[in-house]
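Student: Please take me through a close look at one single part, explaining each term as you use it. I am new to this and would like the pieces joined up.

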Amino acid sequence: MATDTVTLKIKRGESGGASRWEEFKVPRKPMMNVISCLMEIQKRPVTVDGRGTTPVNWESSCLEEVCGACTMVINGRVRQACSALVKDLSPKGEPITLEPMTKFPRERDLVVNRQRMFDALRATRAWIEIDGSHQLGPGPKVSQDDQEVMYPLSRCMTCGCCVEACPNYNDRSDFMGPQVISLTRLYNMHPSGRMQAGGRLDALMGAGGISDCGKAQNCVQVCPKGIPLTESISVMGRETIKRALFGWLLKG
Amino acid sequence: MAAKSSILTQSKQVRRAIVVGGGLGGLMTVIKLCEAGIPVDLLSLVPVKRSHSVCAQGGINASVNVKGEGDSPYTHFYETVKGGDFLANQPPCKGMADAAPGIVFMLDRMGVPFNRTPEGNLDFRRFGGTLFHRTAFAGATTGQQLLYALDEQVRRYETLDVEDDRGVTVPGEKMVRKFEFWDLAGLVLDDSGVCRGVVAQDLKNGAMRAFRGDAVCLATGGPGLVFGRSTNSVINTGSAAAIAYKQGAIYANGEFIQVHPTAIPAADKLRLISESVRGEGGRVWVPKDRKDRRHGKDIPEAERYYFLEERYPKYRNLVPRDIASREIFRTVIHEGYSAEGEQAAYLDVTHLCKTASGKSAVRKKLEGVLEIYEKFAGADPYENPMKIFPAVHYSMGGLWVDFEKGADGSLKPGSARNQATSIPGLYATGESDYQFHGANRLGANSLLSCIYGGMVTGPAMAAWREAQAQSAFDLSSTLFDSELERRVDEYAALGSRSGADYSVNPYQLHEKLGEMMLQKVTVERHDAELDGVLASLQDMKAQWRKAAALDPTAKGTINQPTVFLRHLDGMLALAEVIARGARDREECRGAHYKPALDPELHPDDPKAVGRDDARWLKTTLATFEGEGPRLRYEAVDVSLEPLAKRDYGKVGAARPTPGEAGRAGAGEYAKE
């Protein structure tokens, strides 16, 4: 039996400080998601026991699951808050719990610092080298089959779900995470990106690279875009082995 | 003594340019500046990879004529200005259409996974306002894919060293320094009114800092949040543009707000269902029986009213957005049609999905869009017609920017005047400028205008920088310190708003603002209501002064409620520009529509002028004076193509509606 309110239990706290839980009740509306619950708290920042508090801080931007900003742990599962619908999370009025991701330093409340993921993109040279943005004619031809492999890989939002779920990604390891391995596959598939494939493979073979993957396969379960992360890891695993075995021949 | 254009100051500081905003317009500007050898500080409210450009779904226009239909950049140019109801200056639009094929090729070289033809060429689809296949696309998340490509190129510049004038690496200095989670707080203007830098705030700890810049660009997006719920990202408050406007920049054509015809209604935002759905064959309809409460899929073909196809047999479901929105609004609101009794119409692709191969073709081209419906509306769009309604989507208006016309009548490349705001040294690009879309933007022209704007802005900033007698980096620090101090004090005052004097919750005030603007300043505009809106805005501005800092004790950390006060102030200022512009413009043009002035509704009323080129072929220029906007007008450059009736082949009158007889025959476009 659905109720006319939504109960939220939210883990709050400061950077480096202790956490506390606050509980809220907000009016239930049709097509409500976790973001609209948090927006209700902004409009009336009062806990369930009637105590005035401050609005919850969280990160968000597009609210349609293409930007990756509003990633958090909802009812124990990492996902985007915008696509987390109340009717699915709390069909009978069950409380919904919100926590910040655990693999990144907390900044405040539900906001964490995900800079480490962007740093990994720099380290693996995650781009296609071009000679400039001036006119050099059309790009290389690409088959429809290749495009159908590349497009899903290119939808990675750097949201952090995969690394949150990954047992090998934490503050004691340098592992760059499955998302970087999958993106390396994308750039190495591109007809001109392929020309720098070796350099990217070297980065994946270095510290924090592909050998740190423990094959837990959690990543692919939580990816909101359904990116075939484990398939990418095995493809790139083969590529790095080939390079490790025969790369010295090619270096000349 | 170092030359004025040299990269390093005498104290070995790197002379940089500043770009605020990391969407497509900002990133393209950064790339062009870097290619010109100019190091950049890039400031963004969010990590640039999370900018609003990701939301663009359908594609980017370029007349490559891959399908051999006889399309050309000139046709694209003409359809752009016609789609904009001739309010756009023609030379920049010509420049944009001519550059479009090269832009798509560049993006292709950067690795955007565009959809392909069997030969491996770029594939193109149809969009509104044209009969050609002109829109390149990457699945249904083209904006995301384009943004990622530019983000990657800028990330590359984050790794490249700055070189001094002799080509020697400057230790520790990279071509691009990113400042993500930074919010613009003010512009630094010198005694002659030239923009010399910005003051910005680190949202992670509240610290403010002045940045010097030898040319500054705002690429900060549109003001969709003025309307509360829209298709925009929640970061699109228009705050940076409002700050520039309040510091003297002209804001142009604010009243032209595009309402997209097809969005999913919801509590937190209205999610777009891309025009590409109609481009790939999606149809818009309502049940013929106004009282029909059956599910859409249970209503037989013969009992469906395909009102766009009946009214516009040539363009059918692909009339421009302003027209489609108005027709849906009228059909549902005034004529009383509904979808399952809700205020909505159906957008339907189920007829394309009857066979397995048809369904798989739709999935390939539209999966990203249809997934949004499935995720957020909780119904399968391959089986169920989607319930949609118009939503605020895009601002054609924005910061006024200049252009220089070349000998060929197009934009003159490299001129420092291009994309320059009315504040010298300050540039604007992307949705935060007003330049390319006139009174209505064509679908798939926004990604193009953002990138083209950036391609023009970078070289313009470089030319401006070169022409300055003195660099911002050689000015006394007093100038920067005083603006910094002013903004620090301003923020401290906002942050200390607590106690009985501050009884207003800013988020509730924002909700009130949004509801009012949404109801009264979107698809249909009535003068009496606009007068009411302008009066209410005065009241809301007074309430803003009583709005509380909801987290007054949080210092040195994230404090979203206090920062929101600054953004709400900007939204109120822009709301007034929008409403004042709408009130004063006595005609119907593009997205600006007043039923009282529609000659089809009022054939015998001489005041119902429709589009009035004699009096209103003018750009609205708003300047902030005292407390609010003062409007002036300037002529539009229509030097390339003569004005024409904006006709998309509408036939017949709309069905007469009981009790709404005066509204039958809706549509400002003449019948054929």
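Tutor: Two residues are in contact if their C-beta atoms, placed from the backbone, lie within 7 Å. The model is predicted, with local features needing pLDDT of at least 70 and side-chain atom pairs pLDDT 80 or more, while totals for chains, interfaces and linings use all residues. Residues are numbered from 1 along each chain as its sequence is written, and chains are lettered from A and ligands numbered from 1 in the order in which they are written.

The part to look at is chain B, for which the domain assignment (automatic or from a database) gives domain 1 as residues 17–256 together with 396–476, domain 2 as 259–392 and domain 3 as 484–614. Between the centres of domain 1 and domain 2 of chain B, taken over C-alpha atoms, there are 32 Å. Where these two domains touch, 24 residues of domain 1 of chain B are in contact with 23 residues of domain 2 of chain B. On that side, domain 1 of chain B offers 15 polar residues, six nonpolar and three charged (Ala, Val, Leu, Ile, Met, Phe, Trp, Tyr, Cys and Pro count as nonpolar, Asp, Glu, Lys and Arg as charged, the others, Gly among them, as polar).

Chain B also holds an open sheet of four strands, in the order S20-S13-S22-S23, with antiparallel pairing (strands pair if DSSP finds at least two bridges between them; strands, E, are DSSP runs of at least two residues, and helices, H or I, of at least four, numbered from the N terminus). At the edges of the sheet lie S20(B), residues 398–399, and S23(B), residues 628–635, each of which pairs on one side only. Inside the order, S13(B), residues 251–252, and S22(B), residues 618–625, run antiparallel and are joined by two bridges, and B:Ala252 stands opposite B:Leu621 of S22(B). Across S13, S22 and S23 of chain B lies helix H14(B), residues 560–584, which runs at about 50° to S23(B) (axes are lines fitted to C-alpha atoms, for helices over the stretch in contact, with angles from 0 to 180 degrees between N-to-C directions).

Finally, chain B meets a partner, since 59 of its residues are in contact with 57 residues of chain A. On the chain A side, H1(A) gives the largest share, five residues, and the residues of that side divide into 25 nonpolar, 22 polar and ten charged.
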